[in-house]
Structure formats: structure tokens, C-alpha cells
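Subject: Structure for your review

Dear colleague,

Please find below the structure that I am handing over to you. My findings follow directly after it.

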Number of protein chains: 2
Amino acid sequence: MSPRRKPNLKARPLQVHAPVFAALGDEMRLRLITALCVGGAMSITQLTSGTDISRQAITKHLSVLAAAGLVRDVRRGRERLWEFEPTQLEETRRSLELIGRQWEHALAKLKFAVESNPH
Amino acid sequence: MSPRRKPNLKARPLQVHAPVFAALGDEMRLRLITALCVGGAMSITQLTSGTDISRQAITKHLSVLAAAGLVRDVRRGRERLWEFEPTQLEETRRSLELIGRQWEHALAKLKFAVESNPH
DNA sequence: TGTAAATGCAACCTACCGGTTGCATACACG
DNA sequence: CGTGTATGCAACCGGTAGGTTGCATTTACA
């Protein structure tokens with residue numbers, strides 16, 4: 001018997017991560033994530049300054065990121081601070097890792113089949 | 001001195017991965033990737049059967065994935081086989097990993113600042 | 001050689017996405 | 001209490017993404 005890999009019990013289909021990938025699929029939103037990640041929690045106006053688009057556009061981007069669970073907001077006085085929320089990103093990253101492993105596994109199986117039936 | 005982390009020399013900004021994330025941000029395309037990954041190279045018609053959308057739609061999705069470097073095609077006779085191309089996906093996965101680490105690093109720095117200036 | 005299968009090309013349509021502008025609202029602070 | 005700052009809400013707009021349909025082209029094979 002070939003050494004059997006431990007089955008991944010909570011193997012949710014990759015498709016469930018589509019909204020997260022879609023949220024990440026925009027340069028400006030990736031910049032926002034980076035900013036929040038290295039700079040800590042920031043307000044909308046803070047995030048807007050330094051960009052060349054309007055505050056409303058930034059607000060929309062933050063909404064998309066929040067809907068995907070990548071950031072969350074916390075009210076403080078009259079301002080609304082946004083902060084990076086690492087859990088969802090990490091989970092999505094692991095799903096990519098899993099795909100890579102499945103690929104290696106498929107390759108190994110193919111190689112085995114070829115070797116055991118060369119002609 | 002706190003133990004300094006080895007600087008990541010080829011630290012391309014996260015934004016360069018936006019097209020890859022955008023390509024991954026669609027359920028159907030994630031299904032296609034999964035299919036190619038576990039099932040090996042497949043033709044367009046093979047990939048179309050089992051879905052409820054047209055062959056042309058599948059072709060477009062494959063083009064998007066190919067443009068992002070996630071799949072590649074190889075002609076064989078009158079059919080065109082598509083196969084998963086793991087390199088780009090792995091690189092993108094590592095960029096997510098990096099973000100997570102930057103976040104942890106920022107947290108640690110914040111904690112240090114708070115502890116060394118408690119009042 | 002003729003025919004059906006696999007694919008390519010192009011036009012078209014609709015919905016949504018990223019962005020703007022204008023105005024309303026909440027609230028810190030002198 | 002008034003004023004400026006930070007934000008919310010909604011309408012609007014152009015472009016493009018995702019899908020379809022129709023027809024042309026290539027090629028395996030009887």
C-alpha cells in the first residue's frame with residue numbers, strides 16, 4: 001500500500017472562496033488591505049488621502065472587502081475605523097495550498113499508472 | 001536588538017497579483033481549475049459537459065485563466081487540451097502568506113509600543 | 001471524399017462594477 | 001450653539017464581464 005494521506009475532513013469546495021478572490025481582484029482593494037495591514041486601523045478619510053479617487057469610491061471598496069470578511073469596521077466617535085481581519089485571508093490561503101497538494105497527488109498517481117503499464 | 005527577520009528581497013507589491021485574484025473570483029472558473037487539477041488535462045467539450053452553460057462561455061473562462069497564467073493549452077489533433085499550471089497559483093499563495101506575516105509583525109510592534117509606554 | 005465532431009470567430013445583449021456628484025446627517029469642539 | 005469635519009445615502013454613468021447565438025474552419029475516420 002502506498003502511504004495514505006490523512007483525509008481533509010472539512011474540505012469545503014474551492015468555489016465557496018470565489019467572493020473572497022473577487023474582492024481581492026482589484027488593485028485598489030489590495031492597496032487598502034496592505035495599508036491596513038502595515039498601518040493598523042485607519043479611518044476612511046485617512047485611507048482616501050494619498051489616492052486619486054473619491055472618498056465614496058474608497059467607501060465602496062471597503063464595503064466589498066467587509067462583505068468578503070477581509071476587513072471589519074469599528075466606530076469611534078464620529079469616525080469609523082477599519083482594520084484588517086486576518087482569519088478569512090488565512091483560510092483562503094489554505095484552500096490554495098490544498099489545490100496545489102491535490103495537483104501533486106494527481107501527478108503522482110499519473111506517474112504511477114505510467115510506470116506500472118509502460119506500453 | 002530584537003531578532004531581525006530576513007528581508008524579503010523579491011517583495012513585489014501585492015497589487016501585481018490582482019489579475020490572478022480576479023481570475024479566481026468566479027465560481028465556474030474555480031470549478032474548472034478543480035476539474036483540471038484532479039482530472040488532468042481535458043478538452044473544452046469535456047469541460048463543458050456537466051455544466052449548464054455553453055461551450056463558448058467555457059472557452060472564455062479558460063482564456064481568462066490562461067491570461068492569468070493559471071492554465072495552459074496544448075493542441076492534440078483536432079482537440080485542444082487544457083491543463084492546470086501550478087506555478088502562478090503557488091506564487092500568489094505565497095503573497096497571501098506574506099500579508100499574514102506582515103500583519104503579525106505589525107501586531108508585535110504595536111504590542112511592544114504599548115508595553116514600553118504603558119501610561 | 002464526405003461527414004460529423006471539436007473548435008474558432010464575431011456580433012450581440014444585459015447586468016454589474018468602479019467611479020462620480022450632490023446633498024443629508026452626525027458629532028467634536030471652540 | 002454654531003461650525004467645520006467625517007461620514008452616509010442615492011442617483012447617475014460608461015465600460016466591461018459573462019453569457020448567448022450563428023456561422024466558419026479544421027480534422028479524424030468510415
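I begin with one aromatic residue. With a relative accessibility of 1%, F84(A) falls under the 20% cut-off and therefore counts as buried. Please bear in mind throughout that this is a predicted model.

Aromatic pairs

Over all chains, the structure contains three aromatic pairs. In one of them, the ring centres of F84(A) and W103(B) lie 5.2 Å apart with the planes at 75 degrees, so this pair is edge-to-face. The pair crosses between chains: F84(A) belongs to strand 3 (residues 79–84) of chain A, and W103(B) to helix 5 (residues 86–116) of chain B. W103(B) is also buried, its relative accessible area being 14%.

A further pair is formed by W103(A) and F84(B), whose ring centres are 5.2 Å apart and whose planes stand at 75 degrees, which makes this pair edge-to-face. Here W103(A) sits in helix 5 (residues 86–116) of chain A while F84(B) sits in strand 3 (residues 79–84) of chain B, so this pair too joins two chains. Both W103(A) and F84(B) are buried.

Relation of the two chains

A turn of 180 degrees, with a shift of 0.0 Å along the axis, lays chain A on chain B with an RMSD of 0.1 Å. The two copies are thus related as by a two-fold rotation axis. As for the interface, 100% of the interface residues of chain A are interface residues in chain B as well, so the copies meet through the same surface.

Nonpolar core

The largest nonpolar core has 54 residues. The members that touch the most other members are L24(A), L70(A) and F84(A), together with L24(B), L70(B) and F84(B). F84(A) and F84(B) thus appear both in this group and in the edge-to-face pairs described above.

For L70(A), the contacts beyond its neighbours within four places in sequence include L24(A) and F84(A), two residues of that same group. The other contacts of L70(A) counted in this way are V20(A), A23(A), I33(A), L65(A), E85(A), Q88(A) and L89(A).

Cysteines

How many disulfides are there over all chains? The count comes to zero. C37(A) has a relative accessibility of 0% and so counts as buried. C37(B) is likewise buried, with a relative accessible area of 0%.

With kind regards

Technical notes:
Residues are numbered from 1 along each chain as its sequence is written. Chains are lettered from A and ligands numbered from 1 in the order in which they are written. This is a predicted model: local features need pLDDT of at least 70, side-chain atom pairs count only at pLDDT 80 or more; totals for chains, interfaces and linings use all residues. Side-chain values use heavy atoms; hydrogens and water are left out. A nonpolar core is a set of buried Ala, Val, Leu, Ile, Met, Phe, Trp, Tyr and Cys residues joined through side-chain atoms within 4.5 Å. Buried means under 20% relative accessible area, exposed over 50%, partly exposed in between (1.4 Å probe, protein chains only). Contact means heavy atoms within 4.5 Å. A disulfide is a pair of cysteine sulfur atoms within 2.5 Å. Copies are superposed by least squares on the C-alpha atoms of residues with pLDDT of at least 70 in both. Rings of Phe, Tyr and Trp (its six-membered ring) pair if their centres lie within 6.5 Å; planes under 30 degrees apart count as stacked, over 60 as edge-to-face and the rest as tilted. Helices (H or I, at least four residues) and strands (E, at least two) are DSSP runs, numbered from the N terminus.
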